[in-house]
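Trainee: Let's go through this model together. I'll ask and you answer.

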Amino acid sequence: MYRSHNCGELNATNINEEVTLAGWVQKSRDKGFIVWIDLRDRYGITQLVFDEERTSKDMLQQAQNLGREYVIQVKGTVIERASKNPNIATGDIEILVSELNILNEALLPPFTIEDKTDGGEDIRMKYRYLDIRRNPVKDSLIFRHKVTQEVRNYLSKEGFIEVETPYLIKSTPEGARDFVVPSRMNEGQFYALPQSPQTFKQLLMVGGMDKYFQIVKCFRDEDLRADRQPEFTQIDCEMAFIEQEDILNAFEGLTRHLLKEVNGVDIEKFPRMLYDDAMRLYGNDKPDIRFGMAFGELNAVAQHKDFGVFNNAELVVGIAVPGGNSYTRKEIDKLIDWIKRPQVGALGMVYCRCNDDGTFKSSVDKFYNQDDLAKWAEVTNAKAGDLICVLSGDTNKVRTQLSALRMELAERLGLRKPDEFAPLWVMDFPLLEWDEETERYHAMHHPFTSPKPGQLELLKTNPGDVKANAYDLVLNGNEIGGGSIRIHDKETQSLMFDYLGFTPEEAKAQFGFLMDAFQYGAPPHGGLAFGLDRLVAILGGQETIRDFIAFPKNNSGRDIMIDAPAPIDDEQLTELSLKLNLKS
Ligand code: ASP
């Protein structure tokens with residue numbers, strides 16, 4: 001028996017018991033005639049004591065030679081500590097050691113295994129197994145386990161069946177590039193790793209599974225923006241014989257359950273917002289509604305004066321920054337510099353101070369009088385003491401820029417509180433999205449998404465205006481889930497592929513199996529998928545997902561611990577009938 005107890009469970013009620021513990025040496029304090037060692041495992045820390053009188057001299061010496069992170073086993077007696085530590089569960093006791101076994105020695109770790117470590121990100125990723133010993137990472141993984149357990153409990157209770165779908169498949173169009181795997185047995189042919197199990201879960205509905213879920217890895221070969229991973233986990237779900245309302249209710253239920261069980265937060269009904277309104281009011285399809293600062297469109301009250309910049313703009317739009325009138329001129333100039341950075345790209349910013357005495361002072365006083373500015377304040381909902389920030393230009397660009405400013409200011413003002421939760425459904429996304437690069441429409445969600453009833457005709461004349469039965473679940477300004485009601489008949493699906501620029505042959509080659517299945521009695525169906533990594537991070541009060549993933553990849557998609565990706569040898573290439581044609 002390696003241990004009778006773990007390192008987090010002994011307390012005053014165990015005094016005088018003989019115990020056996022095993023774990024890692026966290027640190028030692030050596031006073032010459034007495035040595036204390038903190039022994040650590042997943043469950044906590046227990047203090048060990050060795051001294052020349054009560055234990056043997058030999059053992060004291062052995063204890064003095066133990067290095068950090070040595071793996072040891074001790075037998076001893078639980079005794080009361082002279083000086084207690086109220087900060088840890090085992091703080092009232094220590095173990096007077098009578099037997100010490102070194103189970104394994106350890107090299108000095110390249111960073112300290114402490115909550116606040118001296119190790120930078122790269123070194124911690126290289127020695128991730130050491131990083132996992134630290135509480136912040138360990139606790140995040142345990143937290144993730146709790147969330148996934150709750151997901152499984154809830155969905156199983158609701159009648160969902162977890163079904164595994166294959167990883168070696170054919171392309172699923174979720175808008176990213178596929179990771180491909182060469183097939184040795186089928187020369188010159190490749191599998192694609194799933195960007196999601198989308199087509200399979202639809203086939204499970206045709207197969208009559210009715211309610212499906214899966215906690216599943218997905219793979220997307222994208223340029224990695226900050227805090228994305230090439231492989232990530234979804235809670236993937238699908239239901240048959242449902243309408244949009246059923247889906248929203250089912251997964252609002254799941255999210256409510258998680259908020260309650262994991263965070264102790266009760267949220268009654270999740271608000272809903274149309275995509276068009278989200279864009280108009282927040283410039284963003286995933287608005288953070290923990291705070292206000294909604295956009296006010298100022299065209300009607302700011303155009304047709306003599307200010308050419310506004311007159312020539314497609315959109316003039318502002319936000320009221322709470323308490324912003326306290327900013328000095330210098331601070332406002334800095335804000336303008338911030339918004340002009342290439343990452344945001346605004347050309348400039350007009351502002352208006354809302355003074356406590358009810359007067360206004362703007363950066364364009366030459367063109368606007370007090371009555372005009374009072375209207376700006378009304379439209380942006382600005383109060384005395386606020387600062388109105390106004391941007392103008394091309395609608396889409398300006399919305400994106402003002403949204404970035406809104407988020408930045410909210411961050412600075414401490415309005416994005418991690419322990420506050422504001423879920424929101426964003427609904428009726430456009431079906432198609434224009435892609436400047438390829439000069440074509442793409443499916444905004446994916447090509448299996450159904451248009452809103454009665455909008456099929458509009459596809460021919462105004463494709464960009466067609467709305468879809470597609471929805472996202474947003475939590476604190478992050479998209480945590482998204483899905484749609486699917487097309488479930490062959491004709492509409494072929495029409496859709498046609499609009500998306502697939503020839504009938506291409507559509508057949510890529511998705512013939514799905515269209516075939518639709519001819520064998522496909523029920524109406526729909527679903528959604530949650531991004532589990534992000535969901536867990538947000539529930540955990542954080543916005544970066546890495547600590548919630550045991551073995552994450554870095555920003556270049558590398559696992560620097562195992563050093564992957566890596567070249568394969570010639571023999572393996574030959575076996576796969578592959579020849580390299582490297583660019584560099
Ligand atoms: N497959 C979709 C995605 O990965 C989710 C869905 O439509 O259910 O975003």
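**Ligand shell and a helix pair**

Mentor: 14 residues surround the ligand, with a heavy atom within 4 Å of it; the closest are Glu174, Gln198, Lys201, His445 and Arg486. This is a predicted model: local features need pLDDT of at least 70, side-chain atom pairs count only at pLDDT 80 or more, and totals for chains, interfaces and linings use all residues. Residues are numbered from 1 along each chain as its sequence is written, and side-chain values use heavy atoms, leaving out hydrogens and water.

Trainee: How far is a polar side-chain atom of Lys201 from an oxygen atom of the ligand?

Mentor: Polar contacts here are pairs of N or O atoms within 3.5 Å. Ser196 places a polar side-chain atom 3.2 Å from a ligand nitrogen. For Lys201 and a ligand oxygen, the distance is 2.6 Å.

Trainee: How much of the ligand does the protein bury?

Mentor: Accessible areas use the Shrake-Rupley method with a 1.4 Å probe. Taken alone, the ligand exposes 270 Å². The buried part of that is 93%.

Trainee: Which element gives the largest share of the shell around the ligand?

Mentor: Elements are DSSP runs: helices (H or I) of at least four residues, strands (E) of at least two, numbered from the N terminus. Helix 5 (198-206), strand 21 (478-485) and strand 22 (525-531) each give two or more residues to the shell. The largest share, 3 residues, comes from strand 22.

Trainee: At what angle do helix 4 and helix 6 pack?

Mentor: Axes are lines fitted to C-alpha atoms over the stretch in contact, and angles run from 0 to 180 degrees between N-to-C directions. Helix 4 (residues 135-157) and helix 6 (residues 244-263) have axes 10 Å apart. Their packing angle is about 135°.

Note on methods. A polar contact is a pair of N or O atoms within 3.5 Å; within protein, one must be able to donate a hydrogen and the other to accept it, and residues adjacent in sequence count only if both atoms are side-chain atoms.
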